[in-house]
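Visitor: I am new to this structure. Could you take one part and show me closely how it fits with its surroundings?

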Amino acid sequence: MVRIAVFVSGGGTNLQVLIDACKEKYINGEIVLVVSNRKKAYGLERAKNANIKAECIKDDELLIKRLGEEKVDLIVLAGYLAIVSDKLISLYENRIMNIHPSLIPSFCGPGFYGLHVHEHAFERGVKVAGATVHFVSSVVDGGPIILQRAIDVSSAKSPEEMQEIVLVNIEHKILKEAVKLYCDGKIKVENERVRIE
Ligand code: GRF
């Protein structure tokens with residue numbers, strides 16, 4: 001059974017989808033730790049409600065120590081807004097997944113996070129948007145892409161509406177699928193490219 005840690009900074013709806021998917025055995029894994037860089041993140045409450053260890057950790061050495069103590073195999077960044085250290089990335093190479101609310105390489109990189117992504121996309125007048133699950137590398141949003149999916153957002157009347165369409169219809173689905181594929185041993189990385197078996 002793959003031991004999973006989920007990092008959150010906000011409401012944690014992506015986390016909730018993963019909690020439910022593990023409970024339903026859709027994902028052959030166990031969430032053993034939820035970490036946030038914000039004490040008040042509602043995601044921590046969701047973890048406590050599911051009897052999962054929930055900790056606010058801002059120190060990198062303590063974070064690495066806790067992940068080791070919990071024997072974590074896979075880290076999932078689900079709306080985590082702090083930058084992950086190079087030390088953690090090298091310790092967990094191709095074992096840290098991130099969900100980004102755009103079709104990388106559009107609207108990604110430094111400054112493109114959360115609602116800001118949709119503000120830029122809405123401003124640009126895009127008709128199609130989506131999300132991307134990728135492994136984390138030292139380049140922000142630059143790691144090997146695992147899954148992407150697009151959706152028509154031409155009906156969105158605001159960045160907030162666009163965010164909701166992408167979050168509920170795309171993010172919640174592809175993050176769950178990507179973690180399932182990882183836990184089933186179906187994800188291979190060769191030359192910085194993901195192959196799904
Ligand atoms: C998601 O849109 C995620 O892509 C972005 O922040 C949002 C977090 O949503 N980084 P939630 O906390 O999982 O509800």
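Guide: Here is a close look at helix α1, followed by a few other contacts.

The model is predicted. Helix α1 covers residues 13-23. Start with what it hides. Asn 14, Leu 15, Val 17, Leu 18, Ile 19, Ala 21 and Cys 22 of α1 are buried. What do the buried residues of α1 pack against? Their partners include strands β1, β2 (29-36), β4 and β5 (96-100). They also pack against helices α2 and α6 (159-183).

Take α2 next. Two packed helices are described by the angle between their axes and the distance between the axes. Helix α2 spans residues 42-49. Its axis comes within 9 Å of the axis of α1, and the two cross at roughly 15°. An angle under 35 degrees counts as roughly parallel, and α1 and α2 are therefore roughly parallel to each other. The crossing of α1 past α2 is right-handed. On the α1 side, Thr 13, Leu 15, Gln 16 and Ile 19 make the contact. On the α2 side, Gly 43, Arg 46 and Ala 47 make it. Leu 15 and Ile 19 are also among the buried residues of α1.

Now follow the chain past the end of the helix. Just after α1, Lys 25 takes a positive phi of about 65°. Then look at Tyr 26. The charged end of Lys 176 sits over the Tyr 26 ring, 5.0 Å from the ring centre. Lys 180 lies over the face of Tyr 26 too, and its distance from the ring centre is 5.0 Å.

Helix α6, one of the partners of α1, also packs with another helix. That helix is α5, residues 115-124. The axes of α5 and α6 are 8 Å apart, at an angle of about 115°. Here, too, the crossing is right-handed. From α5, the contact uses Leu 115, His 118, Glu 119, Ala 121 and Phe 122. From α6, it uses Pro 159, Glu 160, Met 162, Gln 163 and Val 166.

Last, turn to strand β1, another partner of α1. A search of the whole structure finds 1 aromatic pair. The ring centres of Phe 7 and Tyr 80 are 5.1 Å apart and their planes stand at 65°, so the pair is edge-to-face. Phe 7 lies in β1 (residues 2-8), while Tyr 80 lies in the loop between β4 (74-77) and α4 (86-91), so the pair ties together parts 73 residues apart in sequence. Phe 7 and Tyr 80 are both buried.

Notes. Residues numbered from 1 in each chain as written. Predicted model: local features only at pLDDT ≥ 70, side-chain atom pairs only at ≥ 80, totals over all residues. Heavy atoms only, no water. Phe/Tyr/Trp six-rings, centres within 6.5 Å; stacked < 30°, edge-to-face > 60°. Helix = DSSP H or I, 4+ residues; strand = E, 2+ residues; numbered from the N terminus. Buried < 20%, exposed > 50% of the residue type's maximum accessible area, 1.4 Å probe, protein only. Lys NZ or Arg CZ within 6 Å of the ring centre and 35° of its normal. Axes fitted to C-alpha atoms, helices over the stretch in contact; angles between N-to-C directions. Parallel < 35°, antiparallel > 145°, perpendicular 65-115°, else oblique. Left-handed = near helix turned anticlockwise from the far one by under 90°. Contact = heavy atoms within 4.5 Å.
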